[in-house]
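This report covers aromatic ring contacts. Please view the sequence and the model together.

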Amino acid sequence: MIEHVHNHITSELQQNAKTDIIFILASIALNLIALAINAGSVEKSRTDDTALFVMFIFVALVIIINLVAIIGLTKGKQTRAKLLNGLINMYRDQQVDKYYDASLLASYSVRYNLFILVVVCTGIISIIVPFVMR
């Protein structure tokens with residue numbers, strides 16, 4: 001039974017990592033696409049209110065998608081911590097915990113914070129740069 005639980009937890013960790021990758025890549029890709037579209041429509045937005053309105057729609061989209069990604073990454077961080085704590089407890093019960101360095105939890109937390117920082121920074125840049133160019 002322990003082996004089944006172990007396999008289930010490691011499977012959940014793998015699924016968690018895949019989901020996090022999707023959140024990160026999707027939000028960064030959207031940020032860069034929005035940056036390109038808004039930067040490309042800067043010239044037209046100076047004279048056409050419709051183009052300016054479209055720029056603001058992309059800003060709203062960037063904000064919404066980045067909030068979803070940040071919430072998803074935060075939940076992923078919490079899920080990973082719970083799963084890894086479960087593994088550590090299982091390893092401790094089986095007296096094999098010396099083979100898993102519990103300090104990995106802290107490095108995973110830092111890594112998630114860095115992922116969130118990248119998402120936030122690219123989002124801010126995709127919002128600010130076109131309006132500075134305007």
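What is the relative accessible area of Phe115, and is Phe115 buried, partly exposed or exposed? The model is predicted. In this model Phe115 has a relative accessible area of 28%. That lies between the 20% and 50% cut-offs, so Phe115 is partly exposed.

## The pair within helix H4

Phe115 forms an aromatic pair with Tyr112. The ring centres are 6.3 Å apart, and the planes meet at 70°. Planes over 60 degrees apart count as edge-to-face, so this pair is edge-to-face.

Both residues belong to helix H4. Three residues separate Tyr112 from Phe115, about one turn of the helix. Tyr112 is buried, because its relative accessible area of 2% is under the 20% limit.

## The pair between helices H3 and H4

The count of aromatic pairs is three. One of them joins Phe56 and Phe131, with centres 5.0 Å apart and planes at 35°. That angle is neither under 30 nor over 60 degrees, so the pair is tilted.

This contact links distant parts of the chain. Phe56 lies in helix H3 (residues 49-93) and Phe131 in helix H4 (residues 104-133). They are 75 residues apart. Phe56 is partly exposed at 45% relative accessible area. Phe131 is also partly exposed, at 26%.

## A charge over a ring

Tyr108 has a contact with a charged group: the charged end of Arg80 sits over its ring. The distance to the ring centre is 4.9 Å.

How values were computed:
Residues are numbered from 1 along each chain as its sequence is written. This is a predicted model: local features need pLDDT of at least 70, side-chain atom pairs count only at pLDDT 80 or more; totals for chains, interfaces and linings use all residues. Side-chain values use heavy atoms; hydrogens and water are left out. Rings of Phe, Tyr and Trp (its six-membered ring) pair if their centres lie within 6.5 Å; planes under 30 degrees apart count as stacked, over 60 as edge-to-face and the rest as tilted. Helices (H or I, at least four residues) and strands (E, at least two) are DSSP runs, numbered from the N terminus. Buried means under 20% relative accessible area, exposed over 50%, partly exposed in between (1.4 Å probe, protein chains only). A charge sits over a ring if NZ of Lys or CZ of Arg is within 6 Å of the ring centre and within 35 degrees of the ring normal.
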